[in-house]
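Please look through the model below with the notes that follow. They take up the two chains, the two DNA strands and a few local features.

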Number of protein chains: 2
Amino acid sequence: MIGDPWQRQRLLDTFPFLHETPEAFRAELFARVTLVRLPVGQLICHDGDQCTQLPLVLTGTGRVYKLGENGREITLYRVHPGESCVVTTSCILSGRAFPAFAVCESAVEAVVVRPAEVRRWMATSERWREYVFGLIAGRLQEVFGVLDAVLFQRLDQRLIVYLLGLSETGSEREIHMTHQALAVELGSSREVISRVLKGLESQGLLRTTRGVIELLDIPALELRAREV
Amino acid sequence: MIGDPWQRQRLLDTFPFLHETPEAFRAELFARVTLVRLPVGQLICHDGDQCTQLPLVLTGTGRVYKLGENGREITLYRVHPGESCVVTTSCILSGRAFPAFAVCESAVEAVVVRPAEVRRWMATSERWREYVFGLIAGRLQEVFGVLDAVLFQRLDQRLIVYLLGLSETGSEREIHMTHQALAVELGSSREVISRVLKGLESQGLLRTTRGVIELLDIPALELRAREV
DNA sequence: GTCGCTTGGTGACAAAGTCACTGAAGCGCC
DNA sequence: GGCGCTTCAGTGACTTTGTCACCAAGCGAC
């Protein structure tokens with residue numbers, strides 16, 4: 001139950017589609033959900049687990065990833081505020097096991113919904129259905145995109161695209177990230193990332209120091225990312 | 001519209017969940033859908049397309065796959081009778097583009113549902129929702145499994161697992177399939193499949209002739225598929 | 001038979017992953 | 001400052017996988 005008016009407002013603002021639901025729906029939502037706080041690194045789902053609740057993220061981000069036997073891993077997607085791990089939803093609605101890992105990348109505040117409500121609201125709320133399906137389709141596209149990248153794209157180009165994406169959102173040419181972290185994002189291994197970065201550095205496209213990658217020639221990097 | 005009582009019965013038998021829906025729902029379904037026949041090789045969805053209808057497969061199978069720029073491809077999953085391409089569903093419900101290709105692997109008879117009905121039935125029929133979510137979750141698991149295999153498993157083992165799977169369902173030791181077809185299933189290339197098969201052949205685990213692979217030592221193959 | 005198509009084989013190379021090891025930077029602590 | 005620890009990065013040797021170009025074997029049509 002969420003009683004605090006301020007918390008209620010925050011929930012509505014983080015999940016804008018709720019504004020368009022009937023008063024009664026929101027009242028039921030406030031009555032049925034609970035607020036949880038999870039620390040950094042908290043494991044939310046283990047590969048093969050049954051999901052028992054659906055978390056709607058208010059603050060912080062979750063990371064969903066696949067882990068291989070050899071210890072290598074790859075990030076599939078992130079769950080940001082206003083989103084939810086809809087793979088969980090589909091597992092709840094179908095009673096299947098969750099096929100990956102999910103972990104709190106930063107401290108997370110989330111509102112958890114029980115399976116009974118997830119199901120019921122699918123029947124009673126048009127908006128809820130739209131919200132859930134929008135997320136599912138989005139995740140599917142992300143995962144399909146990852147598969148495409150892994151299978152069909154060269155690692156140096158994937159790495160460049162990833163770095164350029166980071167520098168764009170951060171509006172910074174300096175990226176603070178270890179080679180290991182990059183390997184995890186792209187599903188590669190540290191050594192290979194190091195080698196690729198070294199190659200790019202030797203061509204003067206970027207510069208690396210411990211924990212930092214500085215993009216020197218962004219136009220050239222963009223070119224390189226697109227070439228055959 | 002499907003009027004023919006025999007066709008109606010066939011539809012109900014292929015999609016058993018329909019038996020559990022109210023009479024009124026089935027009546028509406030029969031009234032709103034149309035039967036189509038598609039020839040082998042017919043392209044159903046193009047990567048990036050908007051989906052405009054949901055096909056429920058009665059006979060035949062569809063194949064959903066990703067195609068890389070270099071021409072390599074990988075099969076993501078198949079759509080069998082009684083199933084539907086639910087990725088299409090999620091695209092319809094969210095208005096996103098379909099992120100892969102879909103093609104008729106054999107001649108397909110399907111019943112097509114328009115987006116308006118797909119949406120409406122999500123609201124009106126509990127059974128329909130269950131059906132759709134069951135399929136979505138199943139596909140997600142399949143695609144996640146493919147990603148896992150591609151990233152973390154060795155090709156020889158994936159190939160063996162695939163071949164053993166075929167020989168099991170066919171209860172045959174002889175598999176009629178070209179190296180190219182195997183490459184497409186596993187997202188590899190013909191040359192590599194040839195090499196791996198050659199290796200297995202030289203170890204006496206199987207024998208290859210043009211278009212045919214004969215599994216000679218199934219226990220040894222099973223062992224090999226599990227080793228580190 | 002010959003022609004042409006499909007299928008499979010091969011060698012050389014490039015890209016990526018693995019393993020074992022080294023070295024270097026940062027940090028806390030005394 | 002110096003010491004020790006941990007984290008991060010670099011390297012070389014090797015394996016696996018993908019790519020390219022080209023050739024050879026099988027098979028059907030005529």
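**Notes on the predicted model**

1. A base nitrogen of DNA strand C is 2.9 Å from an N or O atom in the side chain of R195(A). That pair is a polar contact, here a pair of N or O atoms within 3.5 Å; within protein, one must be able to donate a hydrogen and the other to accept it, and residues adjacent in sequence count only if both atoms are side-chain atoms. Two further side chains of chain A approach the backbone of the strand: a polar atom of R72(A) lies 3.2 Å from a sugar or linking oxygen of DNA strand C, and one of S188(A) lies 2.7 Å from a phosphate oxygen.

2. This is a predicted model, in which local features need pLDDT of at least 70 and side-chain atom pairs count only at pLDDT 80 or more, while totals for chains, interfaces and linings use all residues. Residues are numbered from 1 along each chain as its sequence is written, chains are lettered from A and ligands numbered from 1 in the order in which they are written, and side-chain values use heavy atoms, with hydrogens and water left out.

3. Around DNA strand C there are 19 residues, of which L155(A), S188(A), H179(B), R190(B) and R210(B) come nearest. A residue counts as near if one of its heavy atoms lies within 4 Å of the strand. Of the strand atoms within 4 Å of the protein, 56% belong to sugar or phosphate and the rest to bases. The surface has two nonpolar, seven polar and 10 charged residues (nonpolar: Ala, Val, Leu, Ile, Met, Phe, Trp, Tyr, Cys and Pro; charged: Asp, Glu, Lys and Arg; polar: the others, Gly among them). Helix α8(B) gives the most to this surface, five residues.

4. S188(A) sits in the loop between α7 (179–186) and α8 of chain A; helices are DSSP runs of H or I with at least four residues, strands are runs of E with at least two, and both are numbered from the N terminus. Is S188(A) buried or exposed? S188(A) is buried, at a relative accessible area of 11% (buried is under 20%, exposed over 50%, partly exposed in between, with a 1.4 Å probe and protein chains only). Beyond its neighbours within four places in sequence, S188(A) is in contact with R72(A), L155(A), A183(A) and I193(A), contact meaning heavy atoms within 4.5 Å.

5. For DNA strand D, the nearest of the 19 surrounding residues are H179(A), R210(A), L155(B), S188(B) and R195(B). A backbone N or O atom of H179(A) lies 2.8 Å from a phosphate oxygen of this strand, and a side-chain N or O atom of S188(B) is 2.6 Å from a phosphate oxygen. The largest share of the surface, five residues, comes from α8(A).

6. Chain B can be laid on chain A with an RMSD of 0.0 Å by a turn of 180 degrees and a shift of 0.0 Å along the axis. That is the relation of a two-fold axis. The copies are superposed by least squares on the C-alpha atoms of residues with pLDDT of at least 70 in both.

7. The count of disulfides over all chains is zero, a disulfide being a pair of cysteine sulfur atoms within 2.5 Å. For C85(A), the nearest cysteine sulfur, that of C45(A), is 6.6 Å away. C85(A) is buried, at 6% relative accessibility.
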